[in-house]
Amino acid sequence: MGRVMKIAPMLTLIAATTFAVVGCSSPDKPEEEPSQTPEPIVSAITYQGAPSSHAASEIADGTCFSTEGVDRTDPTEVARAFTLISYCWDSVHDRTTTAATLRAKDLMNEQWVQNLVEPERNAYQSMFNTAYQHQSYTSVHAELAPTDLNSSEGDRVTRVFLVDFTWQGRDGSVGSSVRLISTVYVEKNAEGKYEVTGQQMHGFEER
């Protein structure tokens, strides 16, 4: 109950500021790349290449959620799977958080995939620098938020998730945790399958 009460003001803010974009097929920016000026990449970090060049077992030691087996006729399942994948970050293999989003491309609208370009800089570079010291990756949990912002209008569906993740070091260490709210927009395509058309992140809180 305490957690629900804590997020209530944030959900109200989301309703006032972002609900108008329901069904948007081409979001302005992915949620993980805000306009703030990021810190420079430290010279000690050498990334291991693009995510597509690695087996799924290498990313987060195989702990990331997979697109395989997702019921594409269930909009909530599609939205939750996308959320779990897009916040599964690996400080060794991911240059930016957009790399994780692109790992969910099989669940995404083709137009969004084509327009989603990994930026030159990581907006969360400081967090990644710290995580890299332990070769860390995130362990993600997502649950549907108790809010009437979850809605369906014909073939367009909005789902809001409470997301928690913790940095897990490959050396056995446990790093910082983050709590946020992710709003995911899905739409049924011509084949009758749901696909993600956009996402917005709110209330990024590191603990």
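Here are some worked exercises on the structure above, which is a predicted model.

## Exercise 1: The paired strands

Find which strands pair with β4, in which sense, and over how many bridges.

**Solution.**
Step 1. Start with β3 (156-168). The pairing of β3 with β4 is antiparallel and runs over 12 bridges. One place to look is T158, which stands opposite Y185 in β4.

Step 2. Move on to β5. Strand β4 (residues 174-188) is joined to strand β5 (residues 194-206) by 10 bridges, and these two strands are antiparallel. Here E187 faces E195 in β5, and K188 has Y194 as its bridge partner.

Step 3. Now look at the turns. The hairpin of β3 and β4 has five residues between the strands, and G172 takes a positive phi near 95° there. The hairpin of β4 and β5 has five residues between its strands, with G192 at a positive phi near 85°.

## Exercise 2: The disulfide

Locate the disulfide, and work out its handedness from the torsion about the S-S bond.

**Solution.**
Step 1. Check the sulfur distance. A pair of cysteine sulfur atoms has to lie within 2.5 Å to count. The sulfur atoms of C64 and C88 are 1.9 Å apart, so under the 2.5 Å cut-off they form a disulfide. The count for the model is one disulfide.

Step 2. Read the torsion. It is about -85° for C64 and C88, and the disulfide is therefore left-handed.

Step 3. Place both ends. This pair links distant parts of the chain, 24 residues apart: C64 sits in the loop between α1 (2-17) and α2 (75-86), while C88 sits in the loop between α2 and α3 (98-102).

Step 4. Check C88 for burial. Its relative accessible area is 2%, so C88 is buried.

## Exercise 3: A pair of rings

Classify the ring pair of W89 and F128 as stacked, tilted or edge-to-face.

**Solution.**
Step 1. Know what to look for. A pair of aromatic rings is described by the distance of the centres and the angle of the planes.

Step 2. Take the two values. There are 10 aromatic pairs in the model. In the pair of W89 and F128, the ring centres are 5.8 Å apart and the planes meet at 35°, so this pair is tilted.

Step 3. Place the rings in the chain. W89 belongs to the loop between α2 and α3 and F128 to helix α5 (residues 125-132); the pair links distant parts of the chain, 39 residues apart.

Step 4. Check accessibility. W89 is buried at 1% relative accessibility, and F128 is buried at 0%.

Step 5. Widen the view. Ring pairs link W89 and F128 into a cluster with Y87, Y124, F165, W167 and F204.

## Exercise 4: Helix α5 and the core

Decide whether α5 is largely enclosed or not, then find the residues that touch the most other members of the largest nonpolar core.

**Solution.**
Step 1. Count along the helix. Of the eight residues of α5, six are buried, so the helix is largely enclosed by the rest of the structure. The buried ones are Q125, M127, F128, N129, A131 and Y132.

Step 2. Find the cover. Elements covering these buried residues include β3, β4 and β5.

Step 3. Turn to the core. The largest nonpolar core has 32 residues, and F82, W89, V186 and V196 touch the most other members. At least two residues of this core come from each of α2, α5, β3, β4 and β5. Helix α2 gives the largest share, six residues.

Step 4. Zoom in on V196. Leaving out residues up to four places away in sequence, V196 touches V78, F82, L107, M108, N109, W112, V184, Y185 and V186.

## Exercise 5: Two polar residues

Determine for T73 and for S177 whether the residue is buried or exposed, and name its side-chain polar partner.

**Solution.**
Step 1. T73 lies in the loop between α1 and α2. Its relative accessibility is 54%, so T73 counts as exposed. The side chain of T73 has a polar contact of 2.6 Å with that of D71. Beyond neighbours within four places in sequence, T73 is in contact with G192 and Y194.

Step 2. S177 is in strand β4. With a relative accessible area of 16%, S177 is buried. Its side chain makes a polar contact of 2.9 Å with the side chain of T166.

Terms used
Residues numbered from 1 in each chain as written. Predicted model: local features only at pLDDT ≥ 70, side-chain atom pairs only at ≥ 80, totals over all residues. Heavy atoms only, no water. Pairing = 2+ DSSP bridges. Helix = DSSP H or I, 4+ residues; strand = E, 2+ residues; numbered from the N terminus. Buried < 20%, exposed > 50% of the residue type's maximum accessible area, 1.4 Å probe, protein only. Phe/Tyr/Trp six-rings, centres within 6.5 Å; stacked < 30°, edge-to-face > 60°. Contact = heavy atoms within 4.5 Å. Core = buried A, V, L, I, M, F, W, Y, C linked by side-chain atoms within 4.5 Å. Polar contact = N/O pair within 3.5 Å; in protein donor to acceptor, adjacent residues only side chain to side chain.
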